[in-house]
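Q: I am new to this structure. Please take one part, look at it closely, and build outward from there.

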Amino acid sequence: MTLRYTNSHMIFRKLTIPTLICSLAAGAPDKPNVIVIMADDLGYGDLSCYGANTFKTPNIDTLAQGGQLFTNGYCSASTCTPTRYSLLTGNYAFRKKGTGIAPPNGHLIIDADTFTLPDIMKKAGYQTGVVGKWHLGLGEKGKGPNWNGEIKPGPREIGFDHHFLLPTTNDRVPQVYVTESRVLNLDPKDPLWVGRKKPSPDHPTGITHRDTLKQDWSHGHNSTIHNGISRIGFYTGGHKARFRDEDLADKWVEKSNAFIEENKDKPFFLFYASHDLHVPRIPHERFQGVTPHGFRADSIVQLDWTVGEIMKTLDRLKLTENTLVIFCSDNGPVMDDGYKDAALEKRGSHKAAGQFKGGKYSVYEGGTRTPFITYWKGKIPAGKSDKVICTIDIATSIASLTGTSLPTGAFKDSFDVSASMLGNKDAKGREHLIQQDNGGRGKFGFRKGNWKLTRHPKGSARNTVVEKNLANNKVPEFQLYDLSKDPGEKNNAIKNHPEIATKLKAELASLVEAGRSRPE
Ligand code: NG6
Ligand code: CA
């Protein structure tokens with residue numbers, strides 16, 4: 001059965017700050033607005049508040065300085081689609097087949113009868129919206145998105161009242177926005193076709209027209225060209241609907257701010273899924289060259305600007321003291337992810353994953369230990385937290401914060417870490433966390449306390465060009481690290497602590513087997 005709730009079922013009023021404090025004292029739940037800002041491919045060390053010192057991210061730093069900066073914050077996977085799937089469903093993605101990186105014509109991978117994060121917000125009486133990168137597929141299984149008609153099921157069918165989206169990632173075709181379940185500005189006389197095969201022998205591609213490209217590709221990404229950049233996949237038509245890569249960030253700000261403005265008198269939940277700093281990294285002209293590291297870090301500065309613009313809107317509407325802002329990333333960093341944007345060559349002393357090993361695609365810490373900040377002016381104290389929390393926990397934590405009960409079977413791997421998110425020093429973080437890569441093929445990191453077990457069933461660790469020498473290393477199936485002494489996962493301690501490894505292996509296997517990790 002699909003669970004849907006409408007606002008008319010419940011009456012809510014906005015709480016003022018004094019009321020909030022009283023209601024908290026009385027144990028009553030809060031109904032703050034909630035904004036989840038998810039960056040794309042942002043690593044642990046990629047913000048100045050997390051140690052970057054060759055460029056500045058003042059707006060995100062302001063959130064960190066006025067709220068909780070987590071040093072043990074995670075996303076649940078080291079690629080985009082599974083992390084987003086888990087954010088919205090509260091379930092580990094490895095439990096469901098087909099939750100790896102979604103292709104251009106991929107169908108919606110969240111079943112319409114799955115109880116979701118936007119569903120719980122609806123149940124709590126919120127207006128729900130998503131702006132930015134989707135990358136969870138659209139349309140029915142076996143069909144995919146109906147680009148020239150109603151694109152369904154999509155965000156609406158899983159609980160979002162409003163959406164303004166980039167359908168997949170911008171290195172995948174097509175470069176169009178989807179809103180109101182349709183491609184925006186699509187001219188029916190110029191229908192949009194998206195496919196995996198070259199539509200005609202003379203169709204220009206990144207291979208045939210390589211010398212015309214404004215940013216060259218390094219691997220993959222050599223199919224249809226739009227805006228001087230060749231992509232993954234082919235498309236034709238929809239010319240009026242196509243956007244310029246340079247304008248994405250401005251559009252996210254415009255649409256996020258419009259959503260906030262429209263819903264300023266109701267509790268709202270906004271998922272702002274930035275495309276920065278995913279490839280192709282093409283920041284707006286005004287951000288090009290603002291850092292010494294090329295477009296990768298320029299895109300971080302652009303991301304920071306968007307956060308500042310959204311915070312300005314909250315301030316202007318006097319909503320800052322009634323809005324919980326959660327800032328996070330969808331996976332760790334990568335340098336060369338398919339385009340020659342000189343990220344690796346220009347990285348200088350910048351350490352995108354901070355002190356951690358690995359990055360995007362990896363189950364080492366760098367793959368999933370990412371920036372995590374919670375900010376709520378007047379409510380969350382300023383400070384650093386070492387509690388272990390994960391993006392997958394946002395669903396249950398917000399349910400708890402708003403006093404909304406979960407239906408049976410919902411959010412199976414999502415823990416209530418709301419007290420940690422609110423900066424309560426006595427609160428507990430997670431006791432354990434399973435870290436996955438893109439697939440469900442048994443490559444895991446398993447953190448329990450300060451111990452970390454890694455499992456590479458095929459003995460090969462993909463470690464994508466954050467540190468070049470680690471790419472596709474041969475590694476033992478199991479490794480064990482003591483993160484309290486060895487956060488960089490340099491010294492495999494499995495020989496010295498075989499009993500701990502045995503226990504962790506068994507516990508990991510049982511949590512995978514059990515189909516859920518949060519006790520009902
Ligand atoms: C990979 C792409 C990479 C990126 C990634 C998804 C190639 C060679 N690599 O398959 O460029 O698009 O998928 O990134 O095509 S994510 O952040 O959305 O998970
Ligand atoms: Ca990503």
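A: Donors are N, O and S atoms within 2.8 Å of the metal, or 3.2 Å for Na, K and Ca; water is not among the atoms, so a site may look incomplete. This is a predicted model: local features need pLDDT of at least 70, side-chain atom pairs 80 or more, and totals for chains, interfaces and linings use all residues. Residues are numbered from 1 along each chain, chains are lettered from A and ligands numbered from 1 as written, and side-chain values use heavy atoms, without hydrogens or water.

Start at the calcium ion (ligand 2). Its protein donors lie 2.2 to 2.7 Å from it. Asp40 gives an OD atom, and so does Asp41. Asp330 is listed with OD twice, and Asn331 gives OD1. Written along the sequence, the donor residues follow the spacing D-D-x288-D-N. The site therefore ties together distant parts of the chain: Asp41 and Asp330 are 289 residues apart.

Now place that pair among its elements (DSSP runs, numbered from the N terminus: helices are H or I of at least four residues, strands E of at least two). Asp41 sits in the loop between strand 1 (33-39) and helix 2 (58-66). Asp330 sits in the loop between strand 13 (323-329) and helix 7 (365-368). Are these two aspartates buried or exposed (under 20% relative accessible area or over 50%, partly exposed in between; 1.4 Å probe, protein chains only)? Asp41 is buried, at a relative accessible area of 0%. Asp330 is buried too, also at 0%.

Step back along the strands before those loops. Strand 1 and strand 13 pair with each other (strands pair if DSSP finds at least two bridges). They run parallel, over seven bridges. Within this pairing, Ile35 stands opposite Val325 in strand 13.

Both strands belong to an open sheet of ten strands. The order is 7-6-5-4-12-1-13-14-2-15. So strand 1 and strand 13 are neighbours in that order, with strand 12 on the other side of strand 1 and strand 14 on the other side of strand 13. The pairing in the sheet is mixed. At the edges stand strand 7 (182-183) and strand 15 (383-385). Each has a single partner strand, so one side of each is left without a neighbour in the sheet.

Next, the helices. Helix 3 (residues 80-89) has ten of its ten residues buried, so the rest of the structure largely encloses it. Among them are Cys80, Thr81, Arg84, Tyr85 and Leu88. Just after helix 3 comes Gly90, with a positive phi of about 70 degrees.

Glu309 lies in helix 6. This glutamate is buried, with a relative accessible area of 18%. Here is another link between distant parts of the sequence: Glu309 and Asn59 are 250 residues apart along the chain, and their C-alpha atoms are separated by 8.8 Å.

Finish with another strand pair. Strand 17 (residues 432-436) is mostly covered, with five of its five residues buried. Its residues point in two directions. His432, Ile434 and Gln436 point one way from the strand. Leu433 and Gln435 point the other way. Strand 17 pairs with strand 18 (residues 444-448). This pairing is antiparallel and has five bridges. In it, Leu433 stands opposite Arg447 of strand 18.
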